[in-house]
Amino acid sequence: MDTVVSIQVVCGESNSMEMVEAQINRAFEAFYHVEQACSRFSIDSELMRACRQIETPVPVSPFLFEPLKFALEMAQWTDGVFDPTVGKVMEEHGFNRHYLTGQSVQSTVTDSELVTYRDIVLNQQDRTLYLKTPLVIDLGAVAKGFAIDLAANELNQFEGFVVNAGGDLFAGGVNEQGYPWEIGIQHPESKEHIIHTLDVSNKAVCTSGSYERKSVDVTGMHHIYNPTTRQSPNDWISCTVIAPFAMMADAFSTASFMLGLEKGSRLIEQVGLEGILISSKLQIVKVGGVL
């Protein structure tokens, strides 16, 4: 997933080291399973193999089905501003390098910019994926959150834990002092500094920003792409969302980023979440009663 994953646990004296290590290993394995299922940067992933089968119901694993289902729900919620069918566009704008090998990945699918999430049909009953037309699915805004949630589920028995995947995280229980975890939000223009801190327990915190990944091929484009405007939005420079689970925080941070100043904060409020949004002029906007 092109990020560093760290896990911290508060295990107490009743847990043996063998048990603690086994649980942590299972938590890390969740990232491996989601990567194998959802990666757009590997032609052999379950996702890319499914994208090569048009007008055919393809059985898929829960590691692919669940994040894709949530991505489609987000697409409906935002009327297509959040759309997982932007994969080919992202690929053509330089976001196609495998994070391990550094090699460019070119899918064999030749879709058009006219494809939308409505070209994807999921069948909950038999857990199949059906594509009406050739397209490339991008699950970058949900897959990492989904992996964090799976990992967190493996660690629920501990007094406290944090699963941190490149700054997107779930903080469970309490820290070693018995207090909620203190989470810092990185300053978007100075990685060494924290622009805001949050006290969090049993919640996810995910951030979408325009400052980490920029296109080397297209001036002004970063890794968040709005398919309705065909541009990378720049009202916000950073959107952090606090939610009950990480896939939700991950998706809503991306969606609020794309929706811009007014609609972005309104979306977070509509679903009862909290957010720390930072404009391109470094103005901090707090949403949903967050402190």
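# Cavity, cores and aromatic pairs

Ile 43, Met 48, Arg 52, Ser 107, Thr 108 and Val 109 form the lining of the largest cavity. The structure in which this cavity is found is a predicted model. A search of the whole structure yields one cavity of 30 Å³ or more, and the volume of the largest cavity is about 30 Å³. Sorted by class, its lining comprises three nonpolar, two polar and one charged residues. Rolling a probe the size of a water molecule over the atoms shows where empty space is left.

From this empty space the account turns to the packed interior. In soluble globular proteins, nonpolar side chains tend to be buried together. Here the largest nonpolar core has 71 residues, and among these Phe 82, Ile 137, Leu 139 and Leu 155 touch the most other members. The element that gives the most to this core is helix 6, with 11 residues. One of the well-connected members, Ile 137, may be followed in detail. Leaving aside residues up to four places away in sequence, Ile 137 touches Arg 40, Leu 47, Cys 51, Leu 68, Pro 84, Gly 87, Ile 120, Leu 129 and Leu 131.

A second core, separate from the one just described, has 16 residues, including Val 10, Ile 183, Val 200 and Ile 278. Two of these members deserve a closer look. Val 200 belongs to strand 8, which covers residues 190-200. Is Val 200 buried or exposed? Its relative accessibility is 3%, so Val 200 counts as buried. Apart from residues up to four places away in sequence, Val 200 touches Ala 171, Pro 180, Trp 181, Ile 183 and Val 205. The C-alpha atoms of Val 200 and Glu 182 are separated by 6.4 Å, although the two residues are 18 residues apart along the chain.

Ile 183, in turn, is located in strand 7, which covers residues 181-187. With a relative accessibility of 9%, Ile 183 also counts as buried. Its contacts, again not counting residues up to four places away in sequence, are Leu 169, His 196, Thr 197, Leu 198 and Val 200. Ile 183 and Val 200 thus touch each other. Between the C-alpha atoms of Ile 183 and Ala 249, which are 66 residues apart along the chain, the separation is 15 Å.

The aromatic rings complete the picture. A pair of aromatic rings is described by the distance of the centres and the angle of the planes. How many aromatic pairs does a search of the whole structure find? The search finds two. In one of them, the ring centres of Phe 70 and Phe 245 are 6.0 Å apart and the planes stand at 75°, so this pair is edge-to-face. Phe 70 lies in helix 3 (residues 62-77), whereas Phe 245 lies in the loop between strand 10 (236-243) and helix 6 (246-270); the pair therefore ties together parts that are 175 residues apart in sequence. Phe 70 is buried, at a relative accessible area of 13%, while Phe 245 is partly exposed, at 30%.

The other pair consists of Phe 161 and Phe 170. The centres of these rings are 6.0 Å apart and their planes meet at 20°, so the pair is stacked. Phe 161 counts as buried at 2% relative accessibility, and Phe 170 likewise counts as buried at 9%.

Conventions. Residues are numbered from 1 along each chain as its sequence is written. This is a predicted model: local features need pLDDT of at least 70, side-chain atom pairs count only at pLDDT 80 or more; totals for chains, interfaces and linings use all residues. Side-chain values use heavy atoms; hydrogens and water are left out. Rings of Phe, Tyr and Trp (its six-membered ring) pair if their centres lie within 6.5 Å; planes under 30 degrees apart count as stacked, over 60 as edge-to-face and the rest as tilted. Helices (H or I, at least four residues) and strands (E, at least two) are DSSP runs, numbered from the N terminus. Buried means under 20% relative accessible area, exposed over 50%, partly exposed in between (1.4 Å probe, protein chains only). A nonpolar core is a set of buried Ala, Val, Leu, Ile, Met, Phe, Trp, Tyr and Cys residues joined through side-chain atoms within 4.5 Å. Contact means heavy atoms within 4.5 Å. On a 1 Å grid over the protein atoms alone, a cavity is a set of points where a 1.4 Å probe fits but cannot get out, and a pocket is an open set with protein on both sides within 12 Å along at least five of seven lines; lining residues have an atom within 4 Å of a point. Grid points are joined across faces, edges and corners, and a volume is the space filled by probe spheres set on the points. Ala, Val, Leu, Ile, Met, Phe, Trp, Tyr, Cys and Pro count as nonpolar, Asp, Glu, Lys and Arg as charged, and the others, Gly among them, as polar.
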